[in-house]
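Visitor: I have this chain open on my screen and would like a close look at a single part of it. Could you walk me through the sheet and the helices that go with it?

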Amino acid sequence: MGPDPENHPRLQPHLQLDDLLAELQGRLSAVLATRDRMHGLLEAVVAIGSGLDLESTLRRIVEAAVGLVDASYGALGVIGEGKYLAEFIPVGLSPEETGRVHHWPEGRGLLGLLIEAPRPLRLRDIASHEASSGFPDGHPPMSSFLGVPVRVRDEVFGNLYLTNKRGGGEFTEDDEAVLVALGAAAGVAVENARLYDAARRQQRWIKASAEVTTRLLSGDEPDEVLADVTGQARELSGADLAILAVPDEDERRMTVRYADGDGAEAARGLVLPRPGSLSGRVLATGESAAFADFAHDERVAQAVREAMSQIGPAIVFPLGVPGNARGVLTVGRRHGAAPFPQSQTDVVASFAAQAGVALELAAARAEAERLSLYEDRDRIARDLHDLVIQRLYATGMSLEGIMPMITRPEVASRVTIAVDAMDETIKEIRATIFALQTRHAAAQPDLRKDIVALVDEMALTLGFAPSMRLGSGLSGEVSPETAEQALAALREALSNTARHSQASLVDVTVDTDGDGMLTVQVTDNGTGIPAGGRRSGLRNLARRAEKLGGGLRLGPAYPEAPTPGTRLEWRVPRG
């Protein structure tokens, strides 16, 4: 048996050299991999810090994390109030996969564990962990997992979640270290984006407040300005809907005169009671109120909840300072949306207060202008009385005094005509003086006020107060005859409802449209119109409408419900 080649004295140095070279090559590869990863980390840090918009910054953070640890999927969960995820930004899902997800994670199970204990978590298989609670319906299957917190100073802003290491392996300690470093850089980027967002929002608030104040004090119509205030409040708060209710003259109700956003048409024109209502309390106390689910909160009037059924998180602000609010501003977001951050709430509260102060200043200025106008009228009336009338009267007396000295009949006739003309002129000037001294024009019929009074009266018969929507078109010209017939039709409709429907809810809507038609609509949840019943009242309504060139439409309000109710629509030309 010959000598072992590996133990041959002349071959051993060569074998040791090969091992050393292999080890050196391995270490060199590790150094190069580490260099490449550090280079990638630096590029990611630069990328996530390249913009100041918060939403795009958050998405860049997730995209950078997915690339750095070679993950298939990634997400950033932003922690909101109550330690639930207020926002979830996924990366790696196709549009089809995104559409199949029933709802995004809310911060329970394994993700909730990261919220409760914000420290890195690395798993070979998500399903094997005791805290795992599965995935939402439609969510793609995921196995390996790596999660790290994103801190903004001492606050945990959210968590980075990475799943499914490409190639089927698990995430390594190096992956965890890189992601922790990225999380630290992400916290700085988020803080910068937050500060920028707050500064930009503050700038927009200052600009909007200055614009509102300038327009009101420059004499712009308050209706136009308040419509813009409502729209600006929605934009400043990031809301889906903003409405502004202002108190009516009778001090017992408020009307939603302005609305902007999703569902504005349904809310505009709603009439709200002031005593005992949430809006009335906010108006009286000047204190705002917040809601987690506006559409289902018992503090909100039934009519408002129905008209704004899509609204979840909402805040109600006074328009003005405490003790002198001139309206109530409500901003709301759709169900499932995140609550309003405190920063946005503060901006809208300040904007609403500033707008109310501007309205107060504009009203004071308008009152001063009216007073100045009345003083000018009084001065003109005095001048007309003390100077013009007296001179005309003296001239007439002089002419009458020379009548006996006139011998020619045609001259005497002309002088007589001139004296009579002066008398007529004096009468006209006196009438003008009286008009100037009358500061208030005769009260014009107010259809809105008459409708409110009529519904108040019929509430006693119904046993409850109907909800009302009075459109802005009622402020335009409605002929006296049409207004009278509309009130009679509304009375007849409510009377029929009280006698026959057994309803517990009634909604009254009166408005005009662009075609010049006035519509009175009464909807109830009662038993509906029985077949073969007496219809004398309905015939009266139809005849009233036909006489004015309109018509009457009847039908069930809720065809699929056990009690279908009734929808009555009385529609006539406005003029």
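**The sheet and its helices**

Guide: Happy to! Of the 575 residues in this chain, 41% count as buried. Keep in mind as we go that the model is predicted. The chain holds 14 helices and 16 strands. Among its contacts with a separation of 6 or more, 60% are between residues 24 or more positions apart.

Let's turn to the sheet. It is open and has 11 strands with mixed pairing, and their order is β9-β10-β11-β6-β7-β8-β12-β13-β14-β16-β15. At the edges stand β9 (289-291) and β15 (551-555); each has a single partner strand, so one side of each is left without a neighbour in the sheet. On average, and with direction ignored, neighbouring strands here are turned by 20° against each other. As a general reminder, strands of a sheet pair through backbone hydrogen bonds, either parallel or antiparallel.

Now zoom in on β7, β8 and β12, which follow one another in the strand order. Strands β7 and β8 pair in the antiparallel sense, over three bridges. Within that pairing, T255 stands opposite V271 of β8. On to the next pair: β8 (residues 270-273) and β12 (residues 467-470) also run antiparallel, and two bridges join them. Here V271 turns up again, with M468 in β12 as its bridge partner. If you put V271 at the centre of your view, you can look for T255 of one pairing and M468 of the other.

A helix packs on this sheet too: α6 (residues 222-237) touches β6 (241-247), β7 (253-261) and β11 (328-334). The direction of α6 makes about 60° with that of β7.

Next, have a look at A208, which lies in helix α5 (residues 173-217). With a relative accessible area of 6%, A208 is buried. Leaving aside neighbours within four places in sequence, A208 is in contact with Q232 and F351. You can also find A355 from here: A208 and A355 are 147 residues apart in sequence, yet their C-alpha atoms are 9.3 Å apart in space.

The other pair of helices to pick out is α12 (residues 447-462) and α13 (residues 480-500), whose axes come within 10 Å and cross at roughly 20°. Angles under 35 degrees count as roughly parallel, and α12 and α13 are therefore roughly parallel to each other. Their crossing is right-handed. On the α12 side, the contact is made by L447, D450, I451, L454, V455, E457, M458, T461 and L462. Helix α13 brings A483, L487, L490, R491, L494, S495, T497 and A498. Sorted by class, the contact has 11 nonpolar, three polar and three charged residues.

One of the residues in that contact, R491, deserves a stop of its own. R491 sits in helix α13 and counts as partly exposed, at 35% relative accessibility. Not counting residues up to four places away in sequence, R491 touches L454, E457 and M458. For E457, you can check the spacing yourself: the C-alpha atoms of R491 and E457 are separated by 9.4 Å, and the two residues are 34 apart along the chain.

To finish, set the two residues we stopped at side by side: A208 in α5 is buried, while R491 in α13 is partly exposed.

Methods:
Residues numbered from 1 in each chain as written. Predicted model: local features only at pLDDT ≥ 70, side-chain atom pairs only at ≥ 80, totals over all residues. Heavy atoms only, no water. Pairing = 2+ DSSP bridges. Helix = DSSP H or I, 4+ residues; strand = E, 2+ residues; numbered from the N terminus. Axes fitted to C-alpha atoms, helices over the stretch in contact; angles between N-to-C directions. Contact = heavy atoms within 4.5 Å. Parallel < 35°, antiparallel > 145°, perpendicular 65-115°, else oblique. Left-handed = near helix turned anticlockwise from the far one by under 90°. Nonpolar A, V, L, I, M, F, W, Y, C, P; charged D, E, K, R; others polar. Buried < 20%, exposed > 50% of the residue type's maximum accessible area, 1.4 Å probe, protein only.
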